[in-house]
Amino acid sequence: MTSSDGRSPKPRRRLFWLAAFILVLFALYSGGWFYLAGRVKTEAERAVVELGGKGIKADCANLTVSGYPLSFAVSCDSLAYQDDAKNVAASIGDFNAVAQITQPLSPVADLRGPLRTVSPGMPPLWLDWDKLNATVKLSWPLPRRISLQAEGLSGQTDPVDDTDPMQLFSAGKATGQLQPNGQDVVYAGSFEDLKIDAGAIGGRELPELDGEGEATVKNGVALISAPPKSLRGQSVDIAKLDLSSGTARVSLSGPISIDADGLIDANLTIKLKDPKAVAAILAGAIPEHKSEIEQGFAGLAMLGNEPSMPLKIVKGKASLGFIPLGKIKPVD
């Protein structure tokens with residue numbers, strides 16, 4: 001027997017153990033996949049039963065788990081939630097969430113409209129879109145980030161009687177993102193080509209608007225876990241809030257807080273770009289104060305094409321620079 005013949009069984013044994021190891025891993029993965037699929041269905045059914053015991057109706061119609069072996073997908077023909085005691089209800093069309101095997105903690109969800117909502121103090125709403133995606137970066141105990149991207153977004157009232165719905169707005173694109181930062185929550189969002197229907201704002205006319213903003217909601221994690229019944233005691237730090245149309249732009253930044261009595265405190269900075277264009281928009285939206293707006297912005301235009309000024313509110317008393325603006329009523 002040659003030396004090469006003596007060595008030949010070793011590579012075959014290694015290949016055998018490698019194949020066996022791969023088979024064991026695949027079996028463990030398959031078992032875990034199907035176990036998780038069963039748990040999703042079981043937990044969903046349990047949640048529906050528990051909510052039903054509290055008088056809340058919830059449903060994920062035709063819940064399906066699929067995607068084996070390369071992904072994990074959860075889909076429903078529709079989602080619905082109804083709490084008659086609090087007069088809160090919401091329903092939406094198809095829901096499909098997929099997590100790829102290479103990124104199990106980053107599921108992407110696709111939602112189809114319309115979204116119909118009922119909540120206290122607001123008329124029933126009908127929101128629809130051409131495309132809406134949600135991306136979640138999972139972590140423990142809270143997601144690291146939740147992002148939404150919508151195209152062809154629109155909203156209107158959804159009357160329960162025979163009256164005609166009222167168109168409220170439409171937007172070409174809109175995005176939003178929530179991200180915890182310690183005990184706070186940071187929100188960032190933007191929209192393009194926002195059209196607000198004149199009928200929704202008392203017949204007033206506004207041009208198409210673009211906007212973007214970023215703000216930190218103080219103690220936002222606790223607020224999400226247990227939504228407050230009042231805005232009192234809450235505070236927000238606005239990193240930026242921009243509204244623009246054509247050459248006109250208004251920017252706002254600074255902290256805002258509401259004390260226990262509902263009085264607002266704020267230390268804001270307002271920046272304008274092209275004050276004359278801003279004045280024209282405001283004069284069209286508030287024609288009853290057109291002369292005052294034009295006079296005030298004529299003075300601002302003397303400060304340049306991009307003036308900046310402080311807006312301070314102390315216990316509800318507002319002033320723009322040295323100009324008193326009056327008192328703001330306490331908020332609920």
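This is a short tour of a predicted model, stop by stop.

**Stop 1: Ser30**

Select helix H2, residues 9–53, and go to Ser30 within that helix. Is Ser30 buried or exposed? Its relative accessibility is 11%, below the 20% cut-off, so Ser30 counts as buried. Now show side chains. The side chain of Ser30 makes a polar contact with the side chain of Tyr68, at 2.5 Å.

**Stop 2: Pro69**

Move to Pro69. This proline sits in the loop between strand E2 (64–66) and strand E3 (71–76). Pro69 counts as partly exposed, because its relative accessibility is 30%. Which residues does Pro69 contact, once neighbours within four places in sequence are set aside? Select Tyr29 and Ile101 to see them. Then add Lys41, 28 residues away from Pro69 along the chain. The C-alpha atoms of Pro69 and Lys41 are separated by 18 Å.

**Stop 3: the largest nonpolar core**

Next, select Ile270, Leu272 and Phe297. Among the 20 residues of the largest nonpolar core, these three touch the most other members. Which elements give two or more residues to this core? Colour strand E16 (248–258), strand E17 (264–273), helix H4 (275–285), helix H5 (290–301) and strand E18 (308–314). E17 supplies the largest share of the core, with five residues.

Stay on Ile270 and show its surroundings. Neighbours within four places in sequence aside, Ile270 is in contact with Val250, Ser251 and Leu252. Its contacts also include Pro307, Ser308, Met309, Leu311 and Leu320.

Another core lies apart from this one. That second set has 10 residues, among them Ala97, Ala109, Ala134 and Ala150. In soluble globular proteins, nonpolar side chains tend to be buried together.

**Stop 4: the largest pocket**

Turn on a surface. The largest pocket holds about 810 Å³ of space. To find its centre, select Val250, Leu272, Val278, Leu282 and Phe297, the closest of its 27 lining residues. Strands E15 (235–245), E16, E17, E18 and E20 (323–327) each give two or more residues to the lining of this pocket, as do helices H4 and H5. Colour the lining by residue class. How many of these lining residues are nonpolar, polar and charged? The lining of the largest pocket has 21 nonpolar residues, four polar and two charged.

Two residues here are familiar from the previous stop. Leu272 and Phe297 are among the core residues that touch the most other members, and both are also among the lining residues closest to the centre of the largest pocket.

**Stop 5: the second largest pocket**

Now go to the second largest pocket, with about 470 Å³ of space. Its lining has 27 residues, and the closest to the centre are Leu148, Ala174, Thr175, Gly176 and Tyr187. Select strands E11 (145–157), E12 (167–181), E13 (184–196), E14 (209–217) and E15, each of which gives two or more residues to this lining. Which element gives the largest share of the lining of the second largest pocket? E11 does, with six residues. By class, the lining of the second largest pocket divides into 15 nonpolar, eight polar and four charged residues.

**Stop 6: Thr216**

Finish on strand E14, at Thr216. At 18% relative accessibility, Thr216 is under the 20% limit and therefore counts as buried. Show its contacts, leaving out residues up to four places away in sequence. Thr216 touches Asp184, Val185 and Val186, and also Ser235, Val236 and Asp237.

Definitions and conventions
Residues are numbered from 1 along each chain as its sequence is written. This is a predicted model: local features need pLDDT of at least 70, side-chain atom pairs count only at pLDDT 80 or more; totals for chains, interfaces and linings use all residues. Side-chain values use heavy atoms; hydrogens and water are left out. Helices (H or I, at least four residues) and strands (E, at least two) are DSSP runs, numbered from the N terminus. Buried means under 20% relative accessible area, exposed over 50%, partly exposed in between (1.4 Å probe, protein chains only). A polar contact is a pair of N or O atoms within 3.5 Å; within protein, one must be able to donate a hydrogen and the other to accept it, and residues adjacent in sequence count only if both atoms are side-chain atoms. A nonpolar core is a set of buried Ala, Val, Leu, Ile, Met, Phe, Trp, Tyr and Cys residues joined through side-chain atoms within 4.5 Å. Contact means heavy atoms within 4.5 Å. On a 1 Å grid over the protein atoms alone, a cavity is a set of points where a 1.4 Å probe fits but cannot get out, and a pocket is an open set with protein on both sides within 12 Å along at least five of seven lines; lining residues have an atom within 4 Å of a point. Grid points are joined across faces, edges and corners, and a volume is the space filled by probe spheres set on the points. Ala, Val, Leu, Ile, Met, Phe, Trp, Tyr, Cys and Pro count as nonpolar, Asp, Glu, Lys and Arg as charged, and the others, Gly among them, as polar.
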